[in-house]
Amino acid sequence: MGLPDLPGEIVYDILSRLPVKSLCRFKSVSKPWLALITDPKFVKSHLHHQSTNDDDVNQKLIICSAASPSIYSVDYRAPDHTVTELKSPCKSKSRVSVMGSFDGVVLLYIDDDELCLWNPSTRMYQKLSPSPECPDCQYKNMTYGLGYDSVSDDFKVVRAVVSPSTKDPTPVYVFTSKLSSWKRIEDLGSSSLCYAPTGTVMDGAPHWVVSFYCDMYSTCGIACFDATEEKFK
């Protein structure tokens, strides 16, 4: 005797409580389950449920080795701090750097040349198209940040050209995941990002320390990139 069909809302609730690895396997159960598990509304509901789980069983650290292109996951809540090597979505010859993460999505910088958005749990990834050429950037540093636009439900990558002088403009470019394209936005004005390879992400917005002139004196502050309005604040 087979099990009775469960109401759709009960199936939804049960699946939303399962770990990502189980959901990836259950995609092959049936077409309705595949459609449900891949539905953007279900993905957001599952993410919200997992992020509010008091046990924090799904929160792990992602680290890279400076001497190799390897990527590792560290379960810092496990008694033995379990370390697992992850399969990188892109081939690397020398090294991989983590430039930011938010809601399970990681921004990777591969061989100082290629950018990639990657979800280690679902193993889905998106290679970013080559960023726009900047003729004046050859001898300047680049910094990157990962932001999340909650209005359009889209991840965005910001690239800024760090100048050593607050008198020089700071060119800023933004990559939109849904459009898969770059565009240049308004420069950072009369301030300069204090160089760091990447901004620190908090609440979906990358933050940097900035220096600027105020009443003939140089001072420092913090600037964050608003992914929805696509500007620094």
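Q: Hi! Quick one to start: where is Lys87 found?
A: Happy to help! Lys87 is in the loop that runs between strand E3 (83-86) and strand E4 (96-102). Keep in mind that this is a predicted model.

Q: Thanks. Is Lys87 buried or exposed there?
A: Lys87 is exposed, as its relative accessible area is 76%.

Q: And which residues form the positive surface patch?
A: Lys87 is one of them, and it is joined in that patch by Lys21, Lys60 and Arg123.

Q: Nice. Let me step back a bit: how many helices and strands are in the protein chain?
A: The protein chain has 4 helices and 16 strands.

Q: What share of its residues count as buried?
A: For the protein chain, with its 233 residues, the buried share is 36%.

Q: What about accessible surface, and how much of that belongs to carbon and sulfur atoms?
A: The protein chain has an accessible surface of about 14,400 Å², and carbon and sulfur atoms account for 55% of it.

Q: And the contacts: what percentage join residues at least 24 apart?
A: That is 39%, taken among contacts in the protein chain between residues at least 6 apart in sequence.

Q: Okay, over to salt bridges. How many are there?
A: The count is 9 salt bridges. One of them brings together the side chains of Glu230 and Lys156, at 2.8 Å from N to O.

Q: Where do Glu230 and Lys156 lie in the chain?
A: The pair links distant parts of the chain, 74 residues apart. Glu230 is in the loop between strand E15 (217-226) and strand E16 (231-232), while Lys156 is in strand E9 (residues 154-162).

Q: Are Glu230 and Lys156 buried or exposed?
A: Glu230 counts as buried because its relative accessibility is 14%, under the 20% cut-off. Lys156 counts as buried too, at 6%.

Q: Which salt bridge does Asp226 make?
A: The Asp226 side chain meets that of Lys233 in a salt bridge, with 2.9 Å from N to O. Asp226 is buried, with a relative accessible area of 18%, whereas Lys233 is partly exposed at 48%.

Q: And what does Glu229 pair with?
A: Glu229 pairs with Lys231 through their side chains, and this salt bridge is 3.4 Å from N to O. Glu229 is partly exposed, with a relative accessible area of 44%, and Lys231 also counts as partly exposed, at 39%.

Q: Which residues do salt bridges that share partners join into one network?
A: The network consists of Asp149, Lys156, Lys183 and Glu230. So the Glu230 and Lys156 pair we talked about has both its residues in that network.

Q: Changing topic: where does Ser73 lie, and is it buried or exposed?
A: Ser73 is part of strand E2 (residues 71-74). Ser73 counts as buried, because its relative accessibility is 9% and buried means under 20%.

Q: What is Ser73 in contact with, leaving aside its neighbours within four places in sequence?
A: Its contacts are Lys60, Leu61, Ile62, Thr82, Val83, Thr84 and Leu86. Among these, Lys60 also appears in the positive surface patch.

Q: Last one, His48. Which helix is it in, and how far apart in space are His48 and Asp103?
A: His48 sits in helix H4 (residues 40-51) and counts as exposed, with a relative accessibility of 52%. His48 and Asp103 are 9.2 Å apart in space, C-alpha to C-alpha, with their positions 55 residues apart in sequence numbering.

Terms used
Residues are numbered from 1 along each chain as its sequence is written. This is a predicted model: local features need pLDDT of at least 70, side-chain atom pairs count only at pLDDT 80 or more; totals for chains, interfaces and linings use all residues. Side-chain values use heavy atoms; hydrogens and water are left out. Patches are made of residues with over 30% relative accessible area and no salt bridge: like charges are joined within 9 Å, nonpolar side chains (Val, Leu, Ile, Met, Phe, Trp, Tyr) within 5 Å. Accessible areas come from the Shrake-Rupley method with a 1.4 Å probe; for residues, only the protein chains shown count as cover. A salt bridge is a side-chain nitrogen of Lys or Arg within 4 Å of a carboxyl oxygen of Asp or Glu. Lys and Arg count as positive and Asp and Glu as negative; His and the chain ends are not counted. The place of a charge is taken as NZ of Lys, CZ of Arg, CG of Asp or CD of Glu. Helices (H or I, at least four residues) and strands (E, at least two) are DSSP runs, numbered from the N terminus. Buried means under 20% relative accessible area, exposed over 50%, partly exposed in between (1.4 Å probe, protein chains only). Contact means heavy atoms within 4.5 Å.
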